[in-house]
Amino acid sequence: MVSHIAPSDSDSHIPSSVALVGAGSRGLGVFERLVAHCLERPAPLTVHLIDPQPFGAGFHLPAQPDHLLLNTVCGQLSAFADPQMVDGPVPVRGPSLHAWCRSRDLRLADDGYTVRPGEGRGIEPGDFLPRRLLSEYLAWAAGEIADAAPECLTLIRHRTTAVDIRPGGPRTETVVLADGGRIEADAVFVTVGHHSLYLPAAPAPDPRLVTRPYPLPAALDSIGPGERVAVLGMGLTAMDVLATLTLGRGGKHLPGPEGLRYLPSGREPSIVLTNRSGMPSRSRPRLRPGRTRFAPLALTTRRLDEIRAGRPDGRLGFTRDVLPLVEAEMELAYYRTLLARTYGDALSAGTELARRCARDGHPALLAELRAEFGPCPVTGLLSADLADRRWAGHDAYRDWFTAEVAADLAEAREGLGAAPLKEALEVLRDHRDVLRAVIDPPGVDDASLAAFFGEFAPTVNRLVIGPQLDRSAELLSLLDAGIVRLGPGPRPKIVAPAGQGPWRLESTCLAQPLRMEVDHVVQAHVHEPGADRVAGSLLGTLVAAGRVRTLAHRGAAVPGLDVTREGRGVDRTGTPQPRLFFLGPHTEGSSYYNHYVPSPGVPSRALLDAELALRTALPSLITRTR
């Protein structure tokens, strides 16, 4: 990572044209900021938008079946900026996904996922909706934002792919298009999102191995009814695969006095569900109305700055400097929820906790709370590992696993604002901006970078970026019906067949060894390789040409691109490119958690990053207004 370089006098003119490569949600955010600033301070500007896909929707495909759900509630998704989200102008207002659905009288059916106009109950802010609705919403919002653009802004759509970006004249970049066209622009913003998912999947070594389970259901059509299939993974992708092989094939989950009961259609395969850790992903909790998100007490940017000031290079050691603060903040959230039961409301409990923390410091406060309420179950959750644990047999492991899912489901139903453990875990989402400040330049030392993205970030995903709570209930229903069986425990050994025989899954953590055989294997986790490993993609071409480098030079197995805090790509010599910017998931590692749609009413890192990049490229047009 390279620190900020101030624009020179030669860079401070207002560019007459910019190119946005990628028109998904991140590209839409950049465009929305351009429209807002041109409405605030009109100036001639041409915007070239390059993407063969519909504007706004990106990889959110419109034809997905309703059982493929978003894992963010609809009240927390918006394509329109508000004063809390950005520090620039907000002249273009619009509804959140929730308000947009309500305005169209879209309703949720009794099955919990089918949405139709005028049929079912009203959609609530805390509902998890089908992904196809986000696709429709983003495409609609893109049209509304484009229609709001002033006459001084000219939008030119290029429904093709950018294959290269080369230095142009003294102050321009040249975007080379797949259709043979070329665009000269004063600044280029690359927002291609999950770029490799648009390319054809590499051929699998065995036709019975599915290496990329999208698009659904087509990717799983080769798996026949009654055939045995191992699903490797237990996160969001695995839940998509389970839903596709069950609900997508006509099965139904019926409510009963003891929970859901699965009614098979007869078209399902026999599913073995397994993963490397052996642990289930925790489900997203219900969002209780009026839930308060409190400011951090231990995990603060001020404290991080104090620690940085004592380091010669300003870099933090994650395990030494940051992880104890994260765990302390989680404990404080847990005890705040218990204290709220005593006070009768969360706000009073939060005020009292903040007062005591300011007076005594968080270590002393935690000692008092532990004495008052007993030990906190948060301890060890961020470093949990079942590799050294052994179960007597598969039945013991299955009983442990289902009890874990059931306990988590109970907390998820109790919801944020009431469930102490869920409140503690939500610290990892609520204070994501503080964690981003950990990675932002000067960041962390090289060993910490590898640990953060190799161990900590995946653990956070399992704890708080998990499936919808209904998916956990459905998993228990499928296990009870025998449609799904658990694999042979943590760290199973996967043995590929030498010929046409079955695949084998062998236990490594069971005292009584177990072997399972399957006909198909689905790798139910999406791992996007580094740009330098995706030949033929735009990012791969740029890395190969040395226009931008990955973070491999830091010795970390982090696939992201090396960019400055302003989004400027850093070339192979370590020099920031003055007119070539990268924003979005492909910069993960230079910053943290880039793959999301903004939420209304809270600061949006995606839009704030867009503001910063635009202000760097167009300093005379893009200025703070507040």
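Q: What separates a buried residue from a partly exposed or an exposed one?
A: Buried means under 20% relative accessible area, exposed means over 50%, and partly exposed lies in between (1.4 Å probe, protein chains only). This is a predicted model, in which local features need pLDDT of at least 70 and side-chain atom pairs count only at pLDDT 80 or more, while totals for chains, interfaces and linings use all residues. Residues are numbered from 1 along each chain as its sequence is written, and side-chain values use heavy atoms, leaving out hydrogens and water.

Q: Why does Asp 105 count as partly exposed?
A: Its relative accessibility is 37%. That falls between the two cut-offs, so the middle class applies.

Q: What makes the phi of Asp 105 notable?
A: Phi is near 55 degrees, a positive value in a residue other than glycine. Most residues other than glycine have a negative phi. Asp 105 sits in the loop between helix 2 (97–103) and strand 3 (106–108). Helices (H or I, at least four residues) and strands (E, at least two) are DSSP runs, numbered from the N terminus.

Q: Which class does Arg 491 fall into, and what is its phi?
A: Arg 491 has a relative accessible area of 35%, so it is partly exposed. Its phi is near 45 degrees, again positive in a residue other than glycine. Arg 491 lies in the loop between strand 16 (484–486) and strand 17.

Q: How do you know that strand 17 and strand 18 pair?
A: Two strands pair if DSSP finds at least two bridges between them. Strand 17 and strand 18 (residues 503–506) have 3 bridges, in the antiparallel sense. The criterion is therefore met. Ile 494 stands opposite Leu 505 in strand 18.

Q: Why are strand 17 and strand 19 placed at the edges?
A: The open sheet has 3 strands in the order 17-18-19, with antiparallel pairing. Strand 17 (493–495) and strand 19 (515–518) each have a single partner strand, so one side of each lacks a neighbour in the sheet. Neighbouring strands here are turned by 20 degrees against each other on average, direction ignored. Axes are lines fitted to C-alpha atoms (for helices, over the stretch in contact), and angles run from 0 to 180 degrees between N-to-C directions.

Q: Why is Cys 509 called buried?
A: Its relative accessible area is 2%. That is under the buried cut-off, so the label holds. Cys 509 is found in the loop between strand 18 and strand 19. The C-alpha atoms of Cys 509 and Asp 360 are separated by 45 Å, with their positions 149 residues apart along the chain counted as the separation.

Q: What makes the crossover from strand 1 to strand 2 right-handed?
A: With the strands pointing away from the viewer, the path from the first strand over the helix to the second must run clockwise. Strand 1 (residues 17–21) and strand 2 run parallel, joined by 5 bridges. The chain crosses from strand 1 through helix 1 (residues 25–40) to strand 2, and this β-α-β crossover is right-handed. Ser 17 has Thr 46 as its bridge partner in strand 2.

Q: How do you know that strand 2 is mostly covered?
A: Strand 2 (residues 45–50) has 5 of its 6 residues buried. Strand 2 also runs parallel to strand 6 (residues 153–158), with 6 bridges joining them. Leu 45 stands opposite Leu 153 in strand 6.

Q: What links strand 13 and strand 14?
A: Strand 13 (residues 252–256) and strand 14 (residues 259–263) pair in the antiparallel sense over 5 bridges. They form a hairpin with 2 residues between them. Leu 254 stands opposite Arg 261 in strand 14.

Q: What kind of peptide bond joins Leu 216 and Pro 217, and what kind joins Pro 441 and Pro 442?
A: The bond between Leu 216 and Pro 217 is cis, with omega about 5 degrees. The bond between Pro 441 and Pro 442 is cis, with omega about 5 degrees. Most peptide bonds are trans. Pro 217 is in the loop between strand 11 (209–210) and strand 12 (228–232). Pro 442 is in the loop between helix 11 (432–439) and helix 12 (446–464).

Q: How do you know that the radius of gyration of the protein chain agrees with a compact globule?
A: The radius is taken over C-alpha atoms, and the globule rule is 2.2 Å times the number of residues to the power 0.38. For 626 residues the expected value is near 25 Å, and the protein chain has 25 Å, so the two agree. The C-alpha trace spans about 70 × 65 × 55 Å along its principal axes.

Q: How much of the protein chain counts as buried?
A: Of its 626 residues, 56% do. The chain holds 15 helices and 22 strands. Contact means heavy atoms within 4.5 Å. Among contacts between residues at least 6 apart in sequence, 74% join residues at least 24 apart.
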